[in-house]
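This report looks at how strands are arranged in one protein model and at what lies in its nonpolar core. Please keep the structure in view while reading.

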Amino acid sequence: MKKLKLITELTIIIFALSLRLYGQTGAIEGTVIDKANSETLIGSTVVIEGTTIGTISDAEGRFAFKNIKPGKYNLKISYISYNTKVIENIKVESGKITSINAELETSIQAL
């Protein structure tokens with residue numbers, strides 16, 4: 001009987017610890033739009049600076065990074081014929097989603 005109780009308690013402890021460890025990541029999600037006309041920018045490149053983690057905005061200009069360790073990050077957002085934008089010090093917290101909306105300006109270059 002004591003052995004069964006001990007096994008049950010250990011199982012509960014291991015399960016509780018695994019849930020706690022699983023919930024120690026956060027997420028960043030957002031939308032990339034044109035600053036001048038508020039249209040979404042499909043296919044924008046979004047990269048977490050200093051990492052190899054990146055993504056492309058979807059047909060509605062949305063992007064998402066999931067399972068990110070808590071901390072502060074910089075996002076680098078680029079799109080052809082637009083100025084690249086870096087959003088600094090984005091705080092990611094455990095179990096939370098951080099929302100970012102990025103407005104890109106067109107790049108004006110004289111030929």
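## A pair of strands and its hairpin

In this predicted model, β5 and β6 pair in the antiparallel sense, and 6 bridges connect them. One residue of this pairing is Lys 76, whose bridge partner in β6 is Val 86. The hairpin that β5 and β6 form has 6 residues between the strands, and in this hairpin Ser 81 takes a positive phi near 70 degrees.

## The open sheet

β5 and β6 belong to an open sheet of 4 strands, which follow the order β3-β2-β5-β6 and pair in the antiparallel sense. Because β3 (54-56) and β6 stand at the edges, each with a single partner strand, one side of each has no neighbour in the sheet. From one strand to the next, the twist averages 25 degrees.

Within this sheet, β2 and β5 run antiparallel and are joined by 4 bridges, and Thr 45 stands opposite Ser 78 in β5.

## The nonpolar core

In soluble globular proteins, nonpolar side chains tend to be buried together. Here the largest nonpolar core has 18 residues, and those with the most contacts inside it include Ile 28, Val 46, Phe 63 and Leu 75. At least two residues of this core come from each of β1 (26-34), β2 (45-48), β4 (62-68), β5 (71-78), β6 (85-92) and β7 (97-104).

What is Phe 63 in contact with, leaving aside its neighbours within four places in sequence? Among its contacts are Ile 28, Val 32, Val 46, Leu 75 and Ile 100, and they also include Glu 29, Thr 55 and Ser 57.

Technical notes
Residues are numbered from 1 along each chain as its sequence is written. This is a predicted model: local features need pLDDT of at least 70, side-chain atom pairs count only at pLDDT 80 or more; totals for chains, interfaces and linings use all residues. Side-chain values use heavy atoms; hydrogens and water are left out. A nonpolar core is a set of buried Ala, Val, Leu, Ile, Met, Phe, Trp, Tyr and Cys residues joined through side-chain atoms within 4.5 Å. Buried means under 20% relative accessible area, exposed over 50%, partly exposed in between (1.4 Å probe, protein chains only). Contact means heavy atoms within 4.5 Å. Two strands pair if DSSP finds at least two bridges between them. Axes are lines fitted to C-alpha atoms, for helices over the stretch in contact, and angles run from 0 to 180 degrees between N-to-C directions.
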